[in-house]
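Colleague: I should be grateful for a close look at one part of this structure, followed by an account of the elements around it.

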Amino acid sequence: MNRMTPPRNRVFCALDTADAEHAQRLAAALAGTVGGLKLGLEFFTANGPGGVAALRASGLPIFLDLKFHDIPNTVAGAVRAAAALGPRLLTVHAGGGGAMIAAARAAAEEGAAAAGHPRPRLLAVTVLTSLDAAALAATGVAGTLDAQVRRLARLARDAGADGAVCSPHEVAMLRDACGPDFLLVVPGVRPAWAAAQDQKRVMPPAVALAQGADLLVIGRPITGADDPAAAARRIQSELAGGA
């Protein structure tokens, strides 16, 4: 599988806001301090394709984290439209099954080619980092959290996904289970000086990279700081020093 080469700056900042002007100010402030921007459901629901285009104009790569999960035909149509917006990365839920993931992969190629963009790397979301073992069991999953993550990641890889979104605590396991070319994108990353908030399976950025993560997604420790660019630079400094 042709894995995306990670950028030199491997931190994508999550802009979890519905305010397009605020997002644009953050993007301008963070230019040169992060490797890309993650836009999720909150931003996309409020601002749509136009909001994505405005932030893509900042020059930073876009990770469009919409976590599509529906029947294969519906997901294919959504992915085709999303890929035409030129994101670098795009997500679906691995729980949608192999046929859905395969349809998404084909649609990503079609949508990007029609718009003249490179195909976005398709990432499968395994188990949300807000869930712990007890919360997963409450959904009816009988096995362990690790077993479920490994099962879904392998299913996604075999169906054509380029990588997975996973907890930092699952990186080493998935690198072993899915091989060196499987792109691992890791939220739930918190510097030691930042609060965990609603993430339950967290890890410091340098440790996550050492475990084998390719890209780190960090939101509120940067966006909630009085000086977001300074917070991003502090994280980069810690990564450079292995702290």
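In which loop does A161 lie?

Modeller: In this predicted model, A161 belongs to the loop that runs between helix 6 and strand 6 (163-165). The residue is counted as buried because its relative accessibility is 1%, and buried means under 20%. A161 and I101 are separated by 60 residues in sequence, yet their C-alpha atoms are 6.8 Å apart in space.

The account may now move from this loop to helix 6, which comprises residues 145-159. Helix 6 packs against helix 7 (residues 171-178), with an angle of about 40° between them and their axes 10 Å apart. The two helices are therefore oblique to each other, since the angle lies outside the ranges for roughly parallel, roughly antiparallel and roughly perpendicular. The crossing of helix 6 past helix 7 is right-handed. On the side of helix 6, the contact involves D146, V149, R150, A153, R154 and R157. On the side of helix 7, these residues meet M173, L174, A177 and C178. By class, six residues of this contact are nonpolar, four are charged and none is polar.

The strands form the next part of the picture. Eight strands close into a barrel, in the order 1-2-3-4-5-6-7-8, and their pairing is parallel. On average, neighbouring strands of this sheet are turned by 25° against each other, direction ignored. The closure can be followed at strand 1 (residues 11-14), which is joined to strand 8 (residues 215-218) by three bridges, the two running parallel. Within this pairing, V11 stands opposite L216 of strand 8. Strand 1 is also joined to strand 2 by three bridges, and these two strands likewise run parallel. Here C13 has L37 of strand 2 as its bridge partner.

Strand 2 covers residues 36-39. In a regular strand, side chains alternate between the two faces of the sheet. In strand 2, G36 and K38 point one way, whereas L37 and L39 point the other way. All of these residues are buried.

Two residues of the neighbouring strands merit separate description. K67 is found in strand 3. Most residues other than glycine have a negative phi. K67, by contrast, has a positive phi of about 50° although it is not a glycine. K67 counts as partly exposed because its relative accessibility is 25%, between the limits of 20% for buried and 50% for exposed. H93, for its part, lies in strand 4. With a relative accessible area of 18%, H93 falls under the 20% limit and is therefore buried. Leaving aside residues up to four places away in sequence, H93 touches K67, F68, H69, M100, V125 and L128.

M100, one of the residues that H93 touches, also takes part in the packing of helix 3 with helix 4. Helix 4 (residues 98-115) lies across strand 3 (62-68), strand 4 (89-93) and strand 5 (121-125), and runs at about 160° to strand 4.

Helix 3 (residues 72-83) packs against helix 4 at an angle of about 30°, with the axes 7 Å apart. As angles under 35 degrees count as roughly parallel, helix 3 and helix 4 are therefore roughly parallel to each other. Helix 3 passes helix 4 in a right-handed crossing. From helix 3, the contact draws on P72, V75, A76, V79, R80 and A83. From helix 4, the contributors are A99, M100, A103, A104, A107, A108, E110, G111 and A112. The contact of helix 3 with helix 4 has twelve nonpolar residues, one polar residue and two charged residues.

A further helix pair completes the account. Helix 1 (residues 20-30) and helix 10 (residues 228-241) pack at an angle of about 45°, and their axes are 8 Å apart. Helix 1 and helix 10 are therefore oblique to each other. Their crossing is right-handed. L26, A29 and L30 of helix 1 make the contact with P228, A229 and A232 of helix 10. The residues of this contact comprise six nonpolar, no polar and no charged.

Technical notes:
Residues numbered from 1 in each chain as written. Predicted model: local features only at pLDDT ≥ 70, side-chain atom pairs only at ≥ 80, totals over all residues. Heavy atoms only, no water. Axes fitted to C-alpha atoms, helices over the stretch in contact; angles between N-to-C directions. Helix = DSSP H or I, 4+ residues; strand = E, 2+ residues; numbered from the N terminus. Parallel < 35°, antiparallel > 145°, perpendicular 65-115°, else oblique. Left-handed = near helix turned anticlockwise from the far one by under 90°. Contact = heavy atoms within 4.5 Å. Nonpolar A, V, L, I, M, F, W, Y, C, P; charged D, E, K, R; others polar. Pairing = 2+ DSSP bridges. Buried < 20%, exposed > 50% of the residue type's maximum accessible area, 1.4 Å probe, protein only.
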